[in-house]
Amino acid sequence: MLSDIENHWAIKAINLLVDRQIILGYPDGTFRPNAPVTRAEFATLMCKMFDDAPIIQEAIAYKDVADNYWAKSNIEQATRRGFFAGYPDGTFRPQQPIPRVQALIVLAAHLQHRIPEDPAEILRQYFDDGAEIPNYARERIAAGAIENLVVNYPEVRQLKPNQNATRGEIAAFLCQALRPKDVVSWEYIAYSNLFAIPPKFDYAAKFSEGLANVMVNGQNCFIDREENIVITLASDIISVGAFSEGMASVNIDYKRGYIDREGTLAIPAKFSLYPVYDFAEGLALAKLYDQTKWGYINKSGDWQILPEFDGGGSFSQGLAQVRMGSEWGYIDREGNSIIEPKFSEAGQFSEGLAPVKFNHQWGYINRDGDWVIQPEFVRAENFSDGVAKVFKGDKYYLVDTSGNITSILPNWLASLGFSEGLAPWGTGEGRVGNLIQPLRYGYVDATGKTIIQPQFYGAEPFSEGLAVVQLNGHYDGGSWGEASQGMPPEYFRIVRGGKYGYIAKP
């Protein structure tokens with residue numbers, strides 16, 4: 001047991017590396033976590049960490065490394081494996097303390113971290129002192145930053161690139177390279193300045209009505225935008241939805257109920273769990289778990305519209321789509337039939353129009369049930385900001401409320417989930433041998449321009465100005481989806497593990 005690391009911030013990383021005999025303590029039982037690390041010591045650590053790295057070049061006979069020097073063999077191996085290069089004057093300078101920037105770029109280069117599209121922007125996002133990074137190291141530091149290799153303590157946005165690395169810091173860097181679970185405290189990772197709430201949750205969902213569902217130390221709860229825990233959920237709640245009109249659906253014993261903003265069970269769990277419908281305009285579509293017909297409940301859990309439908313949707317602009325047999329129509333909040341069932345599919349009203357499918361084609365009707373845009377599309381979505389996305393032939397279009405085409409969208413962009421002007425988008429190179437090349441997500445605007453550089457393992461659409469993103473996850477082995485609608489298959493891979501946080505729109 002090392003005697004001087006009990007209260008050190010990197011204790012978990014140090015202990016893990018000591019257990020693996022990658023880094024050792026001193027004979028007196030100390031570790032000396034704040035002592036500097038020399039280039040010779042770091043070369044030795046790299047050889048221990050990556051002892052299976054291939055030989056890629058000949059050893060160099062450094063004129064300042066004597067034959068009897070304790071680390072001569074490790075320095076030669078580190079050179080042959082491409083970890084290190086000497087100086088132009090033929091020296092290695094083994095006793096020179098290694099700066100943080102050098103240690104990080106050695107690791108980033110060996111791990112072959114992908115250089116981001118705009119390294120300067122990444123450095124600006126992550127570090128307040130990025131201008132101090134030497135030019136030769138800027139691309140590798142940017143790559144290491146988005147791979148969460150960098151650990152800064154106690155000021156997470158101060159890289160201090162030219163400061164000598166300590167033994168504790170080197171232990172943290174090496175652990176980030178190993179990616180062991182729960183070793184380096186997320187408090188010390190270098191966050192992007194996009195983060196409004198740091199990545200420290202095991203699960204996180206979107207914000208809705210100012211609250212978001214997260215897992216904090218194994219506890220399922222809701223937080224506000226200042227990270228305050230507002231609601232702690234009861235242990236019998238299996239899962240929970242987002243708040244809508246002050247109510248959130250909950251899964252209790254695989255039945256659906258609703259809690260209020262105090263976390264109190266306002267409507268007992270007695271309804272069918274799937275599909276889940278939120279409250280809209282004071283009503284929610286529901287079905288008793290042992291029944292077959294759907295109706296609408298109010299916020300007391302009583303039937304406002306008796307269950308007599310074979311399917312339905314949420315209210316919007318005073319109307320809701322309902323299914324009788326195989327045909328869809330629309331009712332008002334009193335349950336009166338406003339537009340008779342005659343469509344094979346139907347969507348919600350938005351901006352006075354609703355997409356409906358008739359004779360195998362989609363078009364748009366008004367609240368009187370009259371055609372405003374004739375059915376001619378393969379697919380059609382709701383209107384938002386005066387335009388709707390439709391698919392016709394082999395292309396996506398935006399149409400206005402008169403049906404006029406306003407623009408043609410690239411298929412890959414049209415298939416994304418735009419919200420608040422941005423959509424998550426992934427980039428990656430695909431398979432390398434039997435491995436899957438790491439994929440990163442950023443955000444694009446409606447023109448396809450990158451607004452937030454790809455740097456996250458997972459990303460969700462924006463909601464209330466914030467978006468859930470995931471760091472340091474891993475991809476489920478081989479879980480690739482088929483390419484569709486022009487999207488690359490990488491987009492469908494499943495990410496496991498990692499931590500979740502929230503970024504703000506730039």
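## Exercises on strands, helices and cysteines

In strand β28, T450 is the bridge partner of V444. The model in which this pair is found is a predicted one, and the exercises below begin with the sheet that holds β28.

**Exercise 1.** Work out in which order the strands of the open sheet of three strands lie, and which of them stand at the edges.

*Solution.* Begin with the pair V444 and T450, the latter of which lies in β28. Strand β27, which covers residues 440–444, is joined to β28 by three bridges, and the two run antiparallel. Next, place this pair in the whole sheet, whose order is β24-β27-β28 with antiparallel pairing. The edges are then taken by β24 (423–427) and β28 (450–456), and because each has a single partner strand, one side of each is left without a neighbour in the sheet. From one strand to the next, the twist of this sheet averages 30°.

**Exercise 2.** Describe the open sheet that is formed by four strands, and give the residue that stands opposite V250.

*Solution.* The order of the four strands is β5-β6-β7-β8, and their pairing is antiparallel. At the edges stand β5 (237–240) and β8 (265–271), each with a single partner strand, so one side of each has no neighbour in the sheet. The average twist from one strand to the next is 30°. Inside the order, β6 (residues 248–252) pairs with β7 (residues 255–259) over five bridges in the antiparallel sense. Within this pairing, V250 faces G257 of β7.

**Exercise 3.** How many residues lie between β3 and β4 in their hairpin, and which residue in the turn has a positive phi?

*Solution.* First take the pairing: β3 (residues 219–223) and β4 (residues 229–232) are antiparallel partners over three bridges. One of the bridged pairs is formed by I223 and I229, the latter lying in β4. Turning to the link, the hairpin has five residues between its strands, and E227 in the turn has a positive phi of about 75°.

**Exercise 4.** Decide whether helices α1 and α7 are roughly parallel or roughly perpendicular, and list the residues through which they meet.

*Solution.* Two packed helices are described by the angle and the distance between their axes. For α1 (residues 11–19) and α7 (residues 167–178), the angle is about 75° and the axes are 8 Å apart. Since angles of 65 to 115 degrees count as roughly perpendicular, α1 is roughly perpendicular to α7. On the α1 side, the contact is made by A13, I14, L16 and L17, which meet G168, A171, A172, L174, C175 and L178 of α7. Sorted by class, this contact has nine nonpolar residues, one polar residue and no charged residues.

**Exercise 5.** Explain why C47 forms no disulfide with C175, and say whether C47 is buried or exposed.

*Solution.* A disulfide requires two cysteine sulfur atoms within 2.5 Å. The closest cysteine sulfur to that of C47 is in C175, at 18 Å, which is too far for a bond. The structure as a whole holds zero disulfides. C47 has a relative accessible area of 8% and is buried, and C221 is buried too, with a value of 0%.

**Exercise 6.** How many helices and strands does the chain contain, and what share of its residues counts as buried?

*Solution.* The chain has eight helices and 33 strands. Of its 506 residues, 49% count as buried. Taken along the principal axes, the C-alpha atoms fill a box of roughly 95 × 50 × 40 Å.

Definitions and conventions: Residues numbered from 1 in each chain as written. Predicted model: local features only at pLDDT ≥ 70, side-chain atom pairs only at ≥ 80, totals over all residues. Heavy atoms only, no water. Buried < 20%, exposed > 50% of the residue type's maximum accessible area, 1.4 Å probe, protein only. Axes fitted to C-alpha atoms, helices over the stretch in contact; angles between N-to-C directions. Parallel < 35°, antiparallel > 145°, perpendicular 65-115°, else oblique. Contact = heavy atoms within 4.5 Å. Nonpolar A, V, L, I, M, F, W, Y, C, P; charged D, E, K, R; others polar. Pairing = 2+ DSSP bridges.
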